[in-house]
Each structure stands twice: as structure tokens, then as C-alpha cells.
Amino acid sequence: MTKKTSSQLARLWLGLALAGTLAACSANTDEQTQSSAQVVEPLKGSSGKLAFAAQTSAKIPYDIFFINMETGKEYQLTESGLSDIAPDFAGDSSMMVFSSNRNDSYDIYKTMLPDGDGERLTTSSADETEPRLSPNGTLIAYQSEASGDYDILTMDLNGENVTRLTQEDSEETQANWSPDGSQLVFVSNRDGDFELYSMNADGSDVQQLTENEDYDAAPAWSPDGSQIAFISKRGQHFQLYLLDLASGEETALTDSGMTVHSPTWSPDGKYIAYVSDGDGSSQINAYEVDSGKSYLVTSGYSKYSGLSWVK
Ligand SMILES: [Ca+2]
Ligand SMILES: [Ca+2]
Ligand SMILES: [Ca+2]
């Protein structure tokens, strides 16, 4: 198991090294290149990497990929035979964190790039998922079910100095950092249904941000700090919403017949990428904030999830 994992991680580094330095040499031995994603004209020149987890087909567990949004090229980063989900990168792409069940329960893993080894950061038999690197790259926020229900915790990059930020018996999940790193937005059902909340990075000063009977989830703070994208199920399917923090106003951004989830902002704040799942199909779209239009970014795999668009 260990040998296999090391070999797979070695391939991961190879893929990333090639992605970083040899992207122009497309005829090279870059076996990690899957295909050109269908990055449409308005998205061309968008900066950064759009990381995601995908099941390439229904019977294959999730692996981690990213699309270089400047070139449209896609790279596969993991191939463990188990479920690798929820990737997030440090701002300079020198490190990736993700969650995997390769040691039975889900744990948080860290991979240093380009030539580091995979490191398991959590060891409980409960599930640890949804790792998110703080903007300054010193902390990982994540969720753990070790207390019997989900809570939000932070730890340093070595898996040490674990701090439990929420104590309630309810489910606290999907933490995401404010752009200045001073706060976290998260989801909790402590009042009976799922709402968005914010708190300081030490768990203090909890504020409730939404109050409705619908299922609110998957918050993502805008790069300028003024808004939070999230999903809410106010009809048949989850759709994409925007919460303006100054006014408290909530605006529906999508109205599709598909289930929308996993929103993430482009680093320049111009787009919100999200997944839409229909009957037997799944695709990644990008909502253009100025125009209100959604563009197809990529499709073709069985399932997409866990988007993270980083510089
Ligand atoms: Ca675990
Ligand atoms: Ca809890
Ligand atoms: Ca609600």
C-alpha cells in the first residue's frame, strides 16, 4: 500500500513539474495531460489553476485534476484507486492539500511540489475532509467527525497545533477563509436547518449570515471580501446565490434544471466556477459576474466536485 502510494505520488509530482515548467512542450512525455479542456473564448487568458475532483467514469473513484486556465490544458494529479477529493493549493502552487480515504477513513493529506512526498496530516478513524489553506499559507481549516458530529478545526501545515473552533453537537462543515485570513465562513444546522455563519479564525465572534428554512451550503468568500457565493435549495435543485455582506441581500445567480454545487471564485473575482449535475451528466461552468452569463469550462467525466480556483 505504502509503495503503491509513493509511486502514485511520484507521478503526481511529475505531472505538476511538467505542468509548471514544460506546459509549452506539449509533444513531450507529459502522460498526465488528459485533454484540452473546453475553455471558451471569454475565459481564455483567465489566470490560475482550476483544481477539482472527478470520477472519470462511474466506477472509478474520485481523482484530482486541474485545468491551467491560461492554456486550457488539463492535468491529472492523483490516481490512487481510492477516493481523492477536495483539493486546495497554496497561492504559489508549491503545495496541495486534499482529502483521501486511502487509509480507510478520510484524512487530510499534504503534498509539497514539485518533488515532495505525500504526508498524512490527520490520523483519526473518523472522516476529515474539506481542507482549506489560509491565505497566508500557514494554517489548514478542515472538518472532522471525530467528536461524533462534524466540527471545524484548524491545524498547522505539519498537522500539529490542532484547534477545534466549533463545540456544538450540530453539523459544522465547509469552512472557507476570508481573503484577509481573519475569518472563516462555514455551514451549520445548529438552528435546525443549514445556514451560513462566520467566525474569527480562532472561533470567536460567531455571526449568523443567512436565516431561512432552505438548505444553504458551500460558501466561498469573494476575493474583495464583500460577498459570499453559496448554494441554496429553494426549489427543486440547489442553485448558485450571492450574499452581499454589507446589505445582507441575497441574489440568485443561476436558474437551471440541474443541481449546482461547489462554487469557487476566480482569483480576479470576475468569475464564479461551479459544477452543475443533470440526469447522468456533470460539467464545470463559470458564471461571469459582470454579464450574468455562464460558460461551459469542461465536461465529459462522470462526476465533478470540490472546485478550487487558485492563482
Ligand atoms: Ca480520519
Ligand atoms: Ca459540531
Ligand atoms: Ca437555511
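This report describes selected residues, one sheet and the nonpolar core of the structure above.

The model is predicted, so local features are reported only at pLDDT of at least 70 and side-chain atom pairs only at pLDDT 80 or more, while totals for chains, interfaces and linings use all residues. Residues are numbered from 1 along each chain as its sequence is written, and chains are lettered from A and ligands numbered from 1 in the order in which they are written.

**Residues within strands**

Strands are DSSP runs of at least two residues, labelled E and numbered from the N terminus. A residue is called buried if 20 or more other C-beta atoms lie within 10 Å of its own, exposed if 12 or fewer do, and partly exposed in between, with C-beta atoms placed from the backbone. The table sets out three residues on these terms.

| Residue | Strand | C-beta atoms within 10 Å | Class |
|---|---|---|---|
| Ala86 | E5 (residues 84-89) | 28 | buried |
| Ser262 | E21 (residues 259-265) | 23 | buried |
| Asp156 | E11 (residues 151-156) | 14 | partly exposed |

Ala86 is not a glycine, yet its phi is positive, at about 55 degrees; Ser262, also not a glycine, has a positive phi of about 60 degrees. For Asp156, contact means that C-beta atoms, placed from the backbone, lie within 7 Å, and, once neighbours within four places in sequence are set aside, its contacts are Thr138, Leu139 and Asn161. Between Asp156 and Ser134, which are 22 residues apart in sequence, the C-alpha to C-alpha distance is 9.8 Å.

**An open antiparallel sheet**

Strands of a sheet pair through backbone hydrogen bonds, either parallel or antiparallel. Here two strands count as paired if DSSP finds at least two bridges between them. An open sheet is formed by four strands in the order E17-E18-E19-E20, with antiparallel pairing. Strands E17 (215-221) and E20 (250-252) are at the edges and have a single partner strand each, so one side of each is left without a neighbour in the sheet. From one strand to the next the twist averages 30 degrees, where axes are lines fitted to C-alpha atoms and angles run from 0 to 180 degrees between N-to-C directions. Strand E18 (residues 227-233) is joined to strand E19 (residues 238-244) by seven bridges, and Ala229 has Leu242 in E19 as its bridge partner.

**The nonpolar core**

A nonpolar core is a set of buried Ala, Val, Leu, Ile, Met, Phe, Trp, Tyr and Cys residues joined through C-beta atoms within 7 Å. The largest such core has 70 residues, among which Leu50, Phe52 and Ala273 touch the most other members. Leaving out residues up to four places away in sequence, Leu50 touches Phe66, Ile67, Met69, Ala273, Val297, Leu307 and Trp309.

Technical notes. Two residues are in contact if their C-beta atoms, placed from the backbone, lie within 7 Å.
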